[in-house]
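Here is a brisk tour of one protein chain. Keep the 3D view open and follow along residue by residue.

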Amino acid sequence: MTAPTVSIHRLSATAHVEEGRPEDATRVARLLRQVAAERLDRALRDAPLPPGIWCVHRLDVPVRLDLDRPDPALEATWAAALAGALRQALQSGSPEVLRYDHECDALVDLVCGAAVGLVGRAWAWRRLGLLHPADPPLEQAPGEAAVAVLRRHPRQALGVIVVAADRVGLPALHHALGPSGWTALAGVVRSALGDGHARPVRTAPAADGLGGDHGAGGAAALAHALVAASRLADQVRRSRVRLDHESLDALALLVVAESDASALPRPAGAALIAAVARTLGAPAHPAPPPDRTLGIAGRPVGSAGPVGVDGVDGVDGVDGVDGVDGPGGGRQPARPSPAAATGWPGDASAPPDGFWPAAPGAVDDPGTVAERGRHGRSTDWAGLLFLLATAADAGIPDTVVEDPVFAARPLPWILQGIGVRLVPVTVRDAAVAAFAAADPEGPPPWELGPPAGDDELAQLEVVARRWAAVTAVALGEPDREPLDVVASIARRTGVVDHTPGWLEIHLDLDQVDVAVRRAGLDLDPGWVPWLGTVVRFVYG
């Protein structure tokens with residue numbers, strides 16, 4: 001197991017030594033430098049920290065050292081005390097201890113906090129490097145600050161906005177961002193997915209159709225399919241916010257990107273955005289306001305309990321604990337209390353004037369560290385995602401998105417149709433959801449829209465067999481039945497952990513396959529623009 005990385009923001013020690021022995025204080029300072037340089041790493045390797053990105057505001061650790069002992073023994077004692085105090089702090093449930101599954105969660109936390117004016121965890125966002133000193137002030141210009149942060153994280157920007165809209169509601173985001181903020185975010189997302197020809201366009205004139213790879217009928221059908229699949233579109237329609245044209249155009253681009261990331265760079269992308277904007281702007285029946293639940297990853301873990309560290313920023317069980325520091329520094333978040341019903345987890349104050357309020361009672365108790373654990377949906381076909389490595393050789397996504405047979409279908413619908421022809425599962429299997437970068441907990445894209453026609457079914461079969469054939473060649477088995485080859489590598493137990501913009505496939509170490517590794521099929525795909533997500537394979 002890889003040892004965590006500990007990044008110390010500020011580490012200091014106060015030595016209480018006998019009067020008349022100043023050399024002892026000098027020795028203590030030397031011991032501390034050695035502990036930070038080497039011994040603490042050893043102590044953490046011996047007893048690894050829990051997985052995740054952890055932020056601990058302050059940690060005070062009293063240590064009694066017998067200076068008659070040799071330096072190596074004292075260094076080991078001190079390092080063990082620090083490591084033990086850190087592990088205890090992570091289990092303490094203190095409001096000064098925050099946990100994020102990964103960086104996307106921290107970004108969501110920041111954007112939600114900015115939207116409702118509750119920024120008591122800014123110390124953690126700064127320590128994680130999300131907020132920079134040159135950024136607009138979070139308290140006075142929350143929308144501009146959020147945009148500045150997301151500009152530095154363009155690949156996560158769309159997923160962060162989708163989740164933030166679910167958690168604090170579109171009105172809060174719109175109040176913070178305004179038309180210029182939405183337009184800036186649309187530009188960030190567009191650049192991340194590929195510029196192409198997609199631009200937000202004015203929605204007032206009615207377009208005759210998408211042209212190019214779609215006709216007028218396909219335009220309307222595809223626009224409705226994208227809106228039906230979009231969580232962000234649902235928030236727009238439910239929010240009852242009167243949106244100006246600029247905001248509506250930008251949100252339409254984000255909806256297209258969320259539902260079918262491959263659509264933006266295509267020649268018809270701009271016209272598709274216009275069609276989605278008209279759909280979003282159409283009058284809707286009044287709906288109840290969204291549940292602006294603020295239960296987000298990154299809130300204080302468990303119940304209250306005092307702890308000190310002036311800065312362990314981000315403990316990652318694989319590659320990232322950030323910070324243990326000594327006394328001083330930083331505003332500490334207030335302890336949650338029943339009076340914080342309209343506030344943010346870990347902050348008992350109401351939002352400042354001028355911010356959209358959080359919903360009453362919108363605090364989710366995340367439970368203890370042990371209760372959280374690894375989440376996701378299990379599947380027996382986790383290896384289906386290995387086929388992303390052969391997608392380009394199979395002509396995916398270009399050949400299918402340009403095929404007139406699929407003119408009215410978004411790419412996730414097509415991918416799920418292919419997936420169930422590659423392995424014997426239904427579209428509700430978590431692997432098939434992940435294959436289309438869809439949420440395993442949400443409605444499958446395949447079930448949104450009219451049933452597949454005969455031409456579509458026949459073409460899906462052709463594409464699936466072509467993809468299986470190139471995969472068999474990649475594995476050095478061109479003479480074997482391609483679908484059997486795919487089944488043999490796809491059939492492995494795993495867990496799909498999905499967040500918009502971030503997809504992890506967790507597999508046990510005994511699932512490592514030499515043939516798959518030799519072919520490079522289980523190397524992390526990383527950022528996949530046509531899926532609009534980062535994809536990672538995690539063995540452990």
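Strands E7 and E8 make a hairpin with two residues between them. Gly-501 sits in the turn and has a positive phi of about 90 degrees. The model is a predicted one.

**The strands around E7**

E7 covers residues 494-499, and E8 covers residues 502-507. The two pair in the antiparallel sense over six bridges. Gly-494 stands opposite Leu-507 of E8. E7 also pairs with strand E6 (residues 377-379). Three bridges join E6 to E7, and these strands run antiparallel too. One of the partnerships is Ser-378 with Val-495 in E7.

Is E7 enclosed or open? Six of its six residues are buried, so the strand is largely enclosed by the rest of the structure. Gly-494, Val-496 and His-498 point one way from E7. Val-495, Asp-497 and Thr-499 point the other way. Both sets are buried. In a regular strand, side chains alternate between the two faces of the sheet.

**Nonpolar cores**

The largest nonpolar core has 78 residues. Those with the most contacts inside this core are Val-111, Trp-125, Leu-173, Trp-182, Val-276 and Leu-280. Helix H7 (residues 170-193) gives the most to this core, with 12 residues. Nonpolar side chains tend to be buried together in soluble globular proteins.

Take Leu-173 as a way in. Leaving aside neighbours within four places in sequence, Leu-173 is in contact with Val-111, Ala-115, Ile-161, Ala-164, Ala-165, Val-168, Gly-178 and Trp-182.

A second, separate core has 50 residues. Among them are Phe-406, Leu-415, Leu-483 and Leu-507. Leu-507 is also the residue opposite Gly-494 in the hairpin.

**Helix H14**

Helix H14 spans residues 411-422. At 1.5 Å a residue, its 12 residues should span 16 Å. The end C-alpha atoms are 16 Å apart, which agrees. Of the 12 residues, 10 are buried, so H14 is largely enclosed by the rest of the structure. The buried residues of H14 include Trp-413, Ile-414, Leu-415, Gln-416 and Ile-418.

What covers the buried residues of H14? The cover includes helices H10 (245-259), H13 (398-401), H15 (430-435), H16 (454-474) and H17 (482-490).

**Salt bridges**

The count comes to 24 salt bridges. Three of them are set out here.

| Basic residue | Acidic residue | N to O distance |
|---|---|---|
| Arg-58 | Asp-60 | 3.1 Å |
| Arg-231 | Asp-166 | 2.4 Å |
| Arg-517 | Asp-522 | 2.8 Å |

The Arg-231 and Asp-166 pair links distant parts of the chain. Arg-231 is in helix H9 (residues 231-239), Asp-166 is in helix H6, and they are 65 residues apart. Both ends are partly exposed: Arg-231 has 29% relative accessibility, and Asp-166 has a relative accessible area of 22%.

The other two pairs each join a buried residue to a partly exposed one. Arg-58 is buried at 16%, whereas Asp-60 is partly exposed at 42%. In the third pair, Asp-522 is buried at 3%, and Arg-517 is partly exposed at 38%.

Salt bridges that share partners also join Arg-421, Glu-461, Arg-465 and Glu-481 into one network.

**A buried histidine**

His-153 lies in the loop between helix H5 (142-151) and helix H6 (154-168). Is His-153 buried or exposed? Its relative accessibility is 10%, so His-153 counts as buried. The side chain of His-153 reaches the backbone oxygen of Val-149 at 3.0 Å. His-153 also touches Glu-103, Leu-107 and Leu-130, not counting residues up to four places away in sequence.

**Backbone details in the loops**

Three loops deserve a look at the backbone. The peptide bond from Ile-396 to Pro-397 is cis, with omega near 10 degrees. Pro-397 lies in the loop between E6 and H13.

Arg-240 is not a glycine, yet has a positive phi of about 60 degrees. Its place is the loop between H9 and H10.

Ala-437 also has a positive phi, near 55 degrees, and is a residue other than glycine. Ala-437 lies in the loop between H15 and H16. With a relative accessible area of 21%, Ala-437 is partly exposed.

Note on methods:
Residues are numbered from 1 along each chain as its sequence is written. This is a predicted model: local features need pLDDT of at least 70, side-chain atom pairs count only at pLDDT 80 or more; totals for chains, interfaces and linings use all residues. Side-chain values use heavy atoms; hydrogens and water are left out. Helices (H or I, at least four residues) and strands (E, at least two) are DSSP runs, numbered from the N terminus. Buried means under 20% relative accessible area, exposed over 50%, partly exposed in between (1.4 Å probe, protein chains only). A polar contact is a pair of N or O atoms within 3.5 Å; within protein, one must be able to donate a hydrogen and the other to accept it, and residues adjacent in sequence count only if both atoms are side-chain atoms. Contact means heavy atoms within 4.5 Å. A salt bridge is a side-chain nitrogen of Lys or Arg within 4 Å of a carboxyl oxygen of Asp or Glu. A nonpolar core is a set of buried Ala, Val, Leu, Ile, Met, Phe, Trp, Tyr and Cys residues joined through side-chain atoms within 4.5 Å. Two strands pair if DSSP finds at least two bridges between them. The expected span of a helix is 1.5 Å times one less than its number of residues.
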